[in-house]
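Me: Please take a close look at the strand pairing in this model, following it from the sheet edges inwards, and then set the helix contacts beside it.

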Amino acid sequence: MTYDFDAPVDRRGTASIKWNMYDDDVLPLWVADMDFRSPEPVIEALVERARVGIFGYEMDFSELVEVVQARLEERQGWRPAAEAFHFLPGLVSGLNVVVRMVGQPGDGVSMATPIYPPFLQAVTKAGRELHDARMVYTIDGNILHYELDFDALEAAVTPRTRLFMLCNPHNPVGRVYTRAELEQVAEFCLRHDLIICSDEIHCDLILGDQPHLSIAALDPEISRRCITLLAPSKTFNLPGLGCSLAVSENPELLAQFKATAEGIVPYPNIMAVTAAVAAYRYGQPWLDELLPYLRGNRDALIQFVTERMPEVKLTCPEGTYLAWLNCHGLDLGEYENPYQFCLNEARVAFNDGAAFGPGGEGFVRINMGTQRARLLEAMERMAAAIQTRDIQSPQSS
Ligand SMILES: Cc1ncc(COP(=O)(O)O)c(C=O)c1O
C-alpha cells in the first residue's frame with residue numbers, strides 16, 4: 001500500500017466547486033470529482049512542465065495517442081489508428097458537438113434515462129428532440145439492478161431519430177454494459193440507421209466483474225457509426241485540467257466532428273495534455289490501489305443503508321464511483337425531494353435525481369469518491385435526519 005486514501009484532505013478554501021457550492025457545515029458528496037490527490041507521477045510531470053516556463057501553443061498529441069492506443073489494445077484488443085483521434089478540453093463539449101453535427105434542429109436523439117444531465121441539455125440546447133426511454137430496474141433485497149428497456153427505446157424512435165447517446169459505464173446507475181447488451185444496442189442503431197455517441201469517461205473505474213467494452217470495439221461495421229468519447233479525468237481525478245479525446249474510425253464522421261468544433265472548441269491546454277500522458281503512462285499503480293478502496297466504500301455504503309435505512313434501495317455500481325439511491329420509501333414530510341431533505345435536515349449535499357431526467361425523481365446520487373470516514377459521516381447524518389423525522393411524524397412509523 002503506497003497511497004493512503006483515508007488520509008484526511010481539506011479542500012475548503014481552494015476554488016473547488018464541490019466544496020464551495022454549499023455552506024461550510026454541509027458535507028459535499030455531489031459533483032463527480034474525488035477528494036484524493038492525483039497520482040504522484042502526474043503531479044511531478046506537471047511541476048516539471050511548469051518549470052519549463054514557456055507556455056506557447058503546442059500541437060503535438062502523438063504521445064497521448066500512443067498511450068491511449070496502447071491502453072485500448074491491451075484492455076479490449078481495439079486499436080484505432082492515430083488518424084481516428086481528436087482532442088478536446090472537456091468531454092461535455094464533445095457531447096454537444098456530436099448532437100450538433102448529426103441531423104438538423106427538430107431531429108431526434110435516443111437515449112436511456114436517468115442519465116448524466118448534460119446529455120439531456122445537449123439535446124435541448126441544439127433544438128433537437130429527446131426520444132428517450134426510461135431504464136427498468138429489478139430489486140433484489142434492497143439492491144437495484146438497472147437494464148436498458150429496448151421495447152421502450154423502440155417505441156420512442158421516429159423516422160427523425162438520428163443519434164443514440166450511450167453512457168457506458170452509465171452515470172448515474174453504475175451499469176457496465178455486457179457484450180450482449182452492447183450488441184443489442186448496436187443492432188437497434190443499425191436497424192434505425194442511428195449514429196452512436198458513446199461517453200466512456202468512467203471506463204477505467206470498474207468495481208464489479210464485468211470488464212468495460214467499447215461499443216465501437218464490437219466490429220468494424222458498428223465502429224463506422226460511432227464517436228467514442230474518452231478522458232483520463234475521472235479515472236485519475238484530473239477533471240479540473242480538462243483533457244478529452246474523441247475517437248471515430250469513420251473519417252467522414254470525424255471530419256464532421258472537427259468541422260463542428262472548429263473555432264468554438266479549443267484543444268486541451270499544455271498542462272492538461274502533460275497530466276493525461278503521465279496519468280495513462282504511470283498512473284496504473286495508483287489506480288490499482290484506488291479501485292479496491294472505492295469497492296470498499298461501495299460495500300460500506302451498501303452495508304450502512306441495508307442496516308440503517310431499510311426504506312432506501314440503492315445500486316451496487318459495477319462502474320463509476322457514484323451510487324444511486326431510491327428514496328421513495330422515505331417520509332420526507334414537507335420536502336419535495338430527498339435532495340432538499342438531505343441538504344436541509346442532514347446538511348449533506350448529494351445530487352438531485354430529478355436532474356437526471358425521467359426516472360430520476362425521488363432519487364439522490366452519491367459521490368463515493370471520498371475518504372470512507374467522510375462517506376460514513378454523511379450517511380450517519382442522513383440516518384439521524386430520517387430518525388428525527390420518524391419520531392416527529394408518528395404516522396410514518
Ligand atoms: C458521463 C460523464 N460524462 C462527462 C462528464 C464530464 O466531462 P468533462 O468534465 O470532461 O466535460 C462526467 C462528469 O461527471 C460524466 O459523468
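Reply: Two strands count as paired if DSSP finds at least two bridges between them, strands being DSSP runs of E with at least two residues and helices runs of H or I with at least four, each numbered from the N terminus. This is a predicted model, in which local features need pLDDT of at least 70 and side-chain atom pairs count only at pLDDT 80 or more, whereas totals for chains, interfaces and linings use all residues. Residue numbers start from 1 along each chain as its sequence is written.

On that basis, an open sheet of six strands with mixed pairing runs in the order β5-β6-β11-β12-β15-β14. Its edges are formed by β5 (136-140) and β14 (351-352), each of which pairs on one side only. At the β5 edge, five bridges link this strand to β6 (residues 143-147) in the antiparallel sense, and T138 has H145 of β6 as its bridge partner.

Another open sheet, also with mixed pairing, has seven strands, ordered β2-β10-β9-β8-β7-β3-β4. Because β2 (85-88) and β4 (129-134) stand at its edges with a single partner strand each, one side of each is left without a neighbour in the sheet. Between neighbouring strands of this seven-stranded sheet the turn averages 20 degrees, direction ignored, with axes taken as lines fitted to C-alpha atoms. At the β2 edge, the strand runs antiparallel to β10 (residues 244-247), to which four bridges join it, and F87 stands opposite L245 of β10.

Beside the sheets, two helix contacts can be described. The axes of α2 (residues 40-52) and α10 (residues 270-282) come within 8 Å and cross at roughly 145 degrees, on a scale from 0 to 180 degrees between N-to-C directions. With contact meaning C-beta atoms, placed from the backbone, within 7 Å, α2 contributes P41, V42, A45, L46 and R49, and α10 contributes I270, M271, T274, A275, A278, A279 and Y282. These residues divide into 10 nonpolar, one polar and one charged, where Ala, Val, Leu, Ile, Met, Phe, Trp, Tyr, Cys and Pro count as nonpolar, Asp, Glu, Lys and Arg as charged, and the others, Gly among them, as polar.

For α12 (residues 338-346) and α13 (residues 372-392), the axes come within 9 Å and cross at roughly 95 degrees. The two helices are therefore roughly perpendicular to each other, a term that covers 65 to 115 degrees. Here C342, E345 and A346 of α12 meet R381, M382 and A385 of α13, a contact of four nonpolar, no polar and two charged residues.

Technical notes: Two residues are in contact if their C-beta atoms, placed from the backbone, lie within 7 Å. Angles under 35 degrees count as roughly parallel, over 145 as roughly antiparallel, 65 to 115 as roughly perpendicular and the rest as oblique.
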